[in-house]
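Reader: I should be grateful for a close and formal account of one part of the picture: the side chains and their surroundings. Please begin with any definition that is needed.

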Amino acid sequence: MEELSRRTLLALSAVGGAAVASGAAQAATFGNPDQPPEGAVNSTPGALSSPGPQSPALEAQIPAFQNPPATDVGNMPMLWSSFNIMPKRVQAGGWARQITATEFPAAKEVSGVNMRLGPGGIREMHWHLAGEWALMTNGRCRITVLDKDGHPYVRDVGAGDLWFFPAGYPHSLQGLGPDGAEFVLVFDDAFQSEYNTLLLTDWLAHTPPAILAQNFGVPADTFKNIPLQDLWIFQGKEPPPLAVDQAAVASGGTPAEPFTFSLTATTPVKQNEAGEVHLADSRTFKASTTIAAAIETIRPGALRRMHWHPNADEWQYWIKGRGRMTVFNTGPRAQTIDFQAGDLGVVPKSQGHYIENTGDEDVQVLAVFRAPEYQEVDLSDWLTHAPPELVAQHLNIDPAVLARFPRGRVGIQPG
């Protein structure tokens, strides 16, 4: 028995040593860089099994979390969230759901709201402590705003249009027929809540009648029927034609810069067979002094090239399609996450990342930055603008091959 045990132990030691050697060899290979090795390719069926409690529906949302590539390593904050898992606040005129830094701690620079207004639905006249940027995703909406100089602005916006209201600028939103409006709001404060705004009805209801009478120069009874609770989103009457509302406020003059901008009507800053990118920042949408944004369309199988943003975090709203993003940080750390329509992502400032379209339809992603202008550093562009011999010594790649690397920023590569 002692001899058998000794032989068994020797055999097991040999197997273990071979496994370690095999693991070390794998760790030294291209695409499998770590020690100890990472990923399912370096595991066994028994170790990969998951016999405990689980929700297949939830697991299926982010397959990369269940089976990360061998190149993922280290830990990162949760860089994924979704409007799909947020509760809606529903009232007569529409609904809203939000994600602030409270719900999504990785989003340290902006918060977001997904809002729907039915035909005639009114988002009550109000203002915010933060700036409000918005992208229309469906239908039509009438916006009104008053600037710091007392100039009114009234416009109708549709899918692909933007608006921006600086902090403290009073405004209203109303869905137009026949389809109403849906949009995403982005506030330049990560903790700004859509449910904590300065509302017209709230202030009047909480002001003594005598003060209202003195302030507006009318009898106190004028206000006897004001709502005692706020309206927030209520069902209103369909507004008159745009020209009628604009004429009603024309005496107030015109703002120096428009508060709306048609993003998808602009010439793409990048366009090829793999996709296109539309961009708006304070250089083109001059009213938007604190928010820059891009809509990125990535064709099936295409890749939004490896890059980073040196001046701000990237806050993403996935409008359509299915894709996969990998984020790279010091450590090294690398994490891969799957996204679909309605999801949100965050990439912290200066952290490398890329996006793959893993579905069979176009991916469309809204990328938002709390910054006056869009900035990007493209990895391939950097390498093609460094001395070739220097890069060759880093990567062991022939300079003649390096010369074939793509140049330029905002790159999208076909599959």
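Author: A charge is said to sit over a ring if NZ of Lys or CZ of Arg is within 6 Å of the ring centre and within 35 degrees of the ring normal. In this predicted model, K88 lies over the face of W95, at 4.0 Å from the ring centre. For R89, the charged end sits over the ring of W232, 4.0 Å from the centre of that ring.

Rings also meet one another, and the structure holds twelve aromatic pairs. One of them joins W308 and W382 in an edge-to-face arrangement, with 6.2 Å from centre to centre and 90 degrees between the planes. This pair links distant parts of the chain, since W308 belongs to strand β17 (residues 303-308) and W382 to helix α8 (residues 379-383), 74 residues apart. W308 has 21% relative accessibility and therefore counts as partly exposed, whereas W382 counts as exposed because its relative accessibility is 52%. Elsewhere, one aromatic cluster is formed by Y153, Y169 and F259.

The interior comes next. In soluble globular proteins, nonpolar side chains tend to be buried together. Here the largest nonpolar core has 77 residues, and W133, C141, W163, F183, W315 and L366 have the most contacts inside it. Strand β6 (residues 132-146) supplies the largest share of this core, seven residues. Residues up to four places away in sequence aside, F183 touches V113, N114, M115, L117, L135, M136, T137, C141, W163 and L173. A second, separate core has five residues, among them L383, V391, A392 and L402.

Two sets of positions come from an unreviewed UniProt entry. In one, the feature "binding site" is placed at H126, H128, E132 and H171. These positions are spread over 46 residues of sequence, yet they cluster in space, with a largest C-alpha distance of 11.6 Å. From this set, H126 and H171 are part of the lining of the second largest pocket. H128 is found in the loop between β5 (121-127) and β6. With a relative accessibility of 2%, H128 counts as buried because the limit for that class is under 20%. Apart from neighbours within four places in sequence, the contacts of H128 are R123, A167, G168, H171, F187, Q192, E194, T197 and L198.

The other set in the UniProt record, again a "binding site" in an unreviewed entry, consists of H307, H309, E314 and H353. Although these residues are spread over 47 residues of sequence, they cluster in space, and the largest C-alpha distance is 11.6 Å. E314 is included in the lining of the largest cavity. H309 is found in the loop between β17 and β18 (314-320), and a relative accessible area of 2% makes H309 buried. Not counting residues up to four places away in sequence, H309 touches E314, K349, S350, H353, F369, Y374, Q375 and E376. Its contacts thus include E314 and H353, which the UniProt record places in the "binding site" feature together with H309.

A further loop residue is D281, in the loop between β15 (275-280) and β16 (292-298). D281 counts as buried, at 2% relative accessibility. Beyond its neighbours within four places in sequence, D281 is in contact with K286, S288, I291, A292, P372, E373 and Y374. Y374 is also touched by H309. From C-alpha to C-alpha, D281 and A294 are 8.6 Å apart in space, with their positions 13 residues apart in sequence.

Definitions and conventions: Residues numbered from 1 in each chain as written. Predicted model: local features only at pLDDT ≥ 70, side-chain atom pairs only at ≥ 80, totals over all residues. Heavy atoms only, no water. Phe/Tyr/Trp six-rings, centres within 6.5 Å; stacked < 30°, edge-to-face > 60°. Helix = DSSP H or I, 4+ residues; strand = E, 2+ residues; numbered from the N terminus. Buried < 20%, exposed > 50% of the residue type's maximum accessible area, 1.4 Å probe, protein only. Core = buried A, V, L, I, M, F, W, Y, C linked by side-chain atoms within 4.5 Å. Contact = heavy atoms within 4.5 Å. UniProt positions renumbered as here; feature names shortened; annotations may be inferred. 1 Å grid on protein atoms, 1.4 Å probe; cavity = no way out; pocket = protein on both sides within 12 Å on 5 of 7 lines; lining within 4 Å.
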